[in-house]
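Open the structure in your viewer and keep the selection tool ready. The tour goes from one selection to the next and says what is there at each stop.

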Amino acid sequence: MLRYEQRMVLRKQFQAGLTYLILTIFLLVALLPFTGIVLTSFKERRELRDSPFSLPEEWKWDNYEDAWTGARFSTYFKSSVYVVVPVVVIAIILSTMSGFGFGMYKFRGDNILLFIIMLGLMVPFEAVIIPLWQLMGQLGIRDTYWALILPQVALSFSFGTFWMRANFKNIPTEIVDAAVVDGCSMWGVLWRILFPLSRPALVSLVVLLFMWTWNEFFLILVMASGDLRTLPVGLALLRGRYASDVPVMAAGSVMVLLPVLVIYVLFQRQFIRGMISGAVKS
Amino acid sequence: MFKKIMSQASNSSSEPTVKHGVEIVSTPSFSERLQSLIPWRRRTSAVPFSSGSQALLFILPGLIIYVVFVLFPIIGTIRYSFMEWTGFTEPEWIGLDNYRELMDDEDFIKAIQNNFFFSIFYTIIPILIGLFLVSLMSRSRLKGMFIFRAGLFVPQVMSPVVVGIIWRWLFDYSGPINRALSITGLQGVFESVGLLRRVTPWLGDFTYAPYAVGMVGTWVEYGLCMVLFLAGIQSISEELYDAAIVFGANPLQQFWFVTLPGLRQHVLVAFVLTFIAALRVFDLVFVLTRQGGPGRETIVTSILVYKNTFNLHRAGYGAAMAVVLATIIVVISAGVFWLQSRDSENA
Amino acid sequence: MKKLSLLLVVALLVATMGTTTAQDEEITLVVWDNFTREAEQEMIEELNAMFEEMNPNVTIQREAYDTSDLTQLAPRALSEDNGPDVIMVNQGFSGMGALVEAGLLLPLNDYADQYGWWDRYAEGLHARNSFSEDGTEFGTGNLYSVSNTAEVVGIYYHKSIFEELGLEVPTTWDEFVSALTTIQEGGYTPIVFGSLDGWPAIHTWGAIQHAYSDLATIDNFMYRAADGTFETEANVQAAETMLGWIENGYFSPGFEGMDYDNATYGAFIGFEGAMWLTGSWMTGSIVEDVEDAEATVGFFLLPSAAGEEVPLTIGGVGLGYGIRAGTEHADIAAAYIDLITGPEAANLLFAQGYLPAITPEEYESGTLTGDVIEAWELISSSNKVGHYLDWTAPDIAADIQEMMAGEVSPDEFTANVQEDYESGE
């Protein structure tokens, strides 16, 4: 007979093993498709009949070269950066300010105003696209990066306001009270005191906005032509051009994924930590 | 006084602590406060400032961009929904005709039904999976959890275009899924009980396509739920679990009586975000089954809006569809937010 | 107050981002086409360079889009002052029809007289690029575009498999049907087919439908003539035939889940199947991917089930080049179209594996490309060129998929298409 402690240890080990097993199965389901596409991107077309998870006979970068130059992914990559960076930077600044406005002040109609801003999260984009396209013409910014940046700033602002408002609501009021007593203006309170304190929420917001903007498809498809197009739309075009070249398509897919993955892996700890302060308002 | 609080805050912020297997940086004054407010974190004082004009100054810069680039176009869409309009010629006012036509449009009704069908896969199942994974990851103090946390979120990070390409390849008739089925012999088993055909054309099959598209939705969305719950579980006090254990609660009971109530708010947020995603879904269906095929089996509202606006040049009719869809989303989201705010007031 | 600040922002945006247009004597001709593959790009660039040499004051600014993108962007691009001067236009009511109705395209009749475009190819083919001035009647009225490519939907086949099974190219419907059995017994898929993308089903079912039908009925349906209808005996028969073929396993196993570009194409070039019923646009890719394809792959027309000597066959001219109504350079644009749809272009297109609308000067009989050209010559000179059904019934792919899966009966299928057709008017 095993002693109680021994039984407990065994049981604990069994539980741990089971937990790892279940989690590993989920992890495989999450990552295998991605692994398959990475392996495929190094293969030649005749190797496609082998198992998708077999290693390529020879690791060839040709497919990446085809996608990068042949399918002009270098151009789309540049375009993606030109769009995503300004969107994230501007949206972060604006939503921090408005989140502060909503989180720290109570005023008449604040809930209604917040709800109106939240509409941007709820309305399907296909609906808005044609009036938006007309507007770009009236403003004279059609076929410029601004036509891709400003609408996405506006949409990110919806989510960002929601996010940062919850963050600021969770910050103890004493900090603000004390700063104001010390003679600090609200502007100073926001940028010098609360902004650094909000780092976790900000990191999460940056990651989310980066991810969503980087992956945006529909807006770019309709609003951008030629060199203004970003990577996901470039990938969709690649489908037509290298229609039956699966490895080149796989290489293109990896190029679209990689930047977001890198950002996510770099920030994932802070990202999850930041979700705590943004997601739920108390 | 202010300096004192600040130094407290900054001193501690560099010391990571491990709680529930998730590493967080805690601020003693914060976490003490938070834990004293179990089970809900709550503000002690009312909102500090009530100068509406000052608040507006902070909100205004973003609001202007939002009004110009989101609100104006929304109003434009509502206006066009009352018009017969190709999208590039002079529109003609026709009142409610578009909406009347919608009522008898079988495709539209089918699309709305599909949106709700997909919301099971986009919303309910991901929330359940998320809860399950989080309860596994957080209650066991095991090593290497960060690998799972990072890896399990990867599908959510992927561009829907890439997700579509990958899954079209996986579902291909000679693709990995069918191959795995035949290698493992499962194909024969399913076939013999009449569940599968000789070669299942997943995305092209009238029976399986809706489930296949739905499954991809689950694969994408559970990561978001998981991360939200991982964050949420950190705000549940360890003392509650200790108390539960003292009363002899087993892990399942701990989950049911401590974790789940503690995550109520997060579940609501996850519900709203994924539900909106389910009703708005476009890219994923567009890349998986093109126009919502086979037949009209996986058609969703956004695809119909797109088709009417860009292929059939019926932008007015498409606008009406969009308005109906948006109204459904807004009403349901508003309902959930109302629940949420009532919930946090009661706490 | 709020309104004022809004206006200010708008003004600011305009001021900082307004476009600056350089005023010079040089003419820039903006051209949008759908030649996106790299080799095609080079071919068009070559022609463009030729044009620029002939017209030294003209610079061509060219953009290439997928056909679907092109169709989607066209209406709005053409309504702009700086939109494309020359653009490729998709046929049919939702393509050219909508553009003509909105007054966005220039009638080309005078230029056609001037340059002799009418004689480039058969008159019936110009009808496909024609609309009444109000955009409501298809196939009559003004000419709005000129094409430089042609398409014919027929059957690619592997000569080696035919030899192995002792088959000749079938010339009658019965021979074709018995070939299907022979091929199947020989262990090959008779017809590679994949319907996942929807549109290939239009060609496969449509080819069978054309085999049973006569041109007048299909023309009337297409051009929405008064007695145009889809509910014909031939259409029901074609649906039943297709269901029979599915039942007998004449198509690829799991065809509902096969896409066109990878799975279906792969099944043909991988010798899983003996025949592939699809459009002549695949010739270039097949020549590129199959070893010695010119000698080992052939092309023939699906024989007529109605006993016609020359079978009625889906096909037509490819996207045509049109001119934006608002352009300031209409004459230059017309000169450009003359070159890009002329004999030099035809030879270059042919070299790229395209089927040019005008027969190229030199081609070799008995090769794959030769087969394709002769098939096209035959149907266009005998007035047996049919239509793509989705030009007038945009949802027909979904209807065919439902019929193939047995979700609806052949009768219900024709009734459904008829209903969509009528509501589309």
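The stops below run from chain C to the contact of chains A and B, and end on single residues.

**Stop 1: chain C as a whole**

Keep in mind that this is a predicted model. Select chain C and colour it by secondary structure. You should find 19 helices and 12 strands. The radius of gyration of chain C is 23 Å, close to the 22 Å from the globule rule for 425 residues, so chain C is as compact as a globular protein of that length. Turn chain C along its principal axes: the C-alpha trace spans about 75 × 50 × 40 Å. Of the 425 residues in chain C, 51% are buried. Contacts reach far along the sequence too. Taking pairs at least 6 apart in chain C, 76% of the contacts join residues at least 24 apart.

**Stop 2: the two domains of chain C**

Now colour chain C by domain. Select 29-144 plus 319-351 for domain 1, and 152-313 plus 378-423 for domain 2. The C-alpha centres of these two domains of chain C are 29 Å apart. Where they touch, domain 1 of chain C gives 10 residues and domain 2 of chain C gives 9. Which helices should you show on the domain 1 side of chain C? Show helix H4 (93-101) and helix H6 (123-128) of chain C; each supplies at least two residues of the side that touches domain 2. By class, this domain 1 side of chain C has 5 nonpolar and 5 polar residues, and no charged ones.

**Stop 3: helix H16 of chain C**

Stay in chain C and select helix H16, residues 343-351. Show the side chains of Ala345(C), Ala346(C), Leu348(C), Leu349(C) and Phe350(C). These five residues of H16(C) are buried. Then step past the helix to Gly353(C), which follows H16(C) and has a positive phi, near 90°.

**Stop 4: a loop residue in chain C**

Go to the loop between helix H10 (215-222) and helix H11 (233-248) of chain C, and pick Arg224(C). Arg224(C) is not a glycine, yet its phi is positive, about 55°. Is Arg224(C) buried, exposed or partly exposed? Arg224(C) has 18 C-beta neighbours inside 10 Å, so it counts as partly exposed. The buried class starts at 20.

**Stop 5: where chain A meets chain B**

Hide chain C and show chains A and B. Here 86 residues of chain A are in contact with 86 residues of chain B. Select helix H12 of chain A, residues 246-278: this helix gives the most to the chain A side, with 14 residues. Colour the chain A side by residue class. It has 62 nonpolar, 15 polar and 9 charged residues.

**Stop 6: one helix pair across the contact**

Two packed helices are described by the angle between their axes and the distance between the axes. Select helix H5 of chain A (125-139) and helix H16 of chain B (301-311). Their axes lie 9 Å apart, at an angle of about 30°. Angles under 35 degrees count as roughly parallel, and H5(A) and H16(B) are therefore roughly parallel to each other. On the H5(A) side, show Glu126(A), Ala127(A) and Ile130(A); they meet Ser302(B), Val305(B), Tyr306(B) and Thr309(B) in H16(B). The residues of this helix contact divide into 4 nonpolar, 2 polar and 1 charged.

**Stop 7: Ile129(A) and the domains of chain A**

Stay on helix H5 of chain A and pick Ile129(A). With 26 other C-beta atoms within 10 Å, Ile129(A) is buried. Now draw a distance from its C-alpha atom to that of Ala179(A). The two residues are 50 apart along the chain, and their C-alpha atoms are separated by 45 Å. Zoom out to the whole of chain A. The domain assignment gives domain 1 (4-40) and domain 2 (71-278). The C-alpha centres of these domains of chain A lie 35 Å apart.

**Stop 8: chain B and His313(B)**

Finish with chain B. It holds 17 helices and 4 strands. Buried residues make up 48% of its 347 residues. Among the chain B contacts with a separation of 6 or more, 71% are between residues 24 or more positions apart. Last, select the loop between H16 and helix H17 (315-346) of chain B, where His313(B) is found. His313(B) has a positive phi, near 55°, and is a residue other than glycine. Its 24 C-beta neighbours inside 10 Å make His313(B) count as buried.

Definitions and conventions. Residues are numbered from 1 along each chain as its sequence is written. Chains are lettered from A and ligands numbered from 1 in the order in which they are written. This is a predicted model: local features need pLDDT of at least 70, side-chain atom pairs count only at pLDDT 80 or more; totals for chains, interfaces and linings use all residues. The radius of gyration is taken over C-alpha atoms; the globule rule is 2.2 Å times the number of residues to the power 0.38. A residue is buried if 20 or more other C-beta atoms lie within 10 Å of its own, exposed if 12 or fewer, and partly exposed in between; C-beta atoms are placed from the backbone. Two residues are in contact if their C-beta atoms, placed from the backbone, lie within 7 Å. Domain bounds come from an automatic or database domain assignment. Ala, Val, Leu, Ile, Met, Phe, Trp, Tyr, Cys and Pro count as nonpolar, Asp, Glu, Lys and Arg as charged, and the others, Gly among them, as polar. Axes are lines fitted to C-alpha atoms, for helices over the stretch in contact, and angles run from 0 to 180 degrees between N-to-C directions. Angles under 35 degrees count as roughly parallel, over 145 as roughly antiparallel, 65 to 115 as roughly perpendicular and the rest as oblique.
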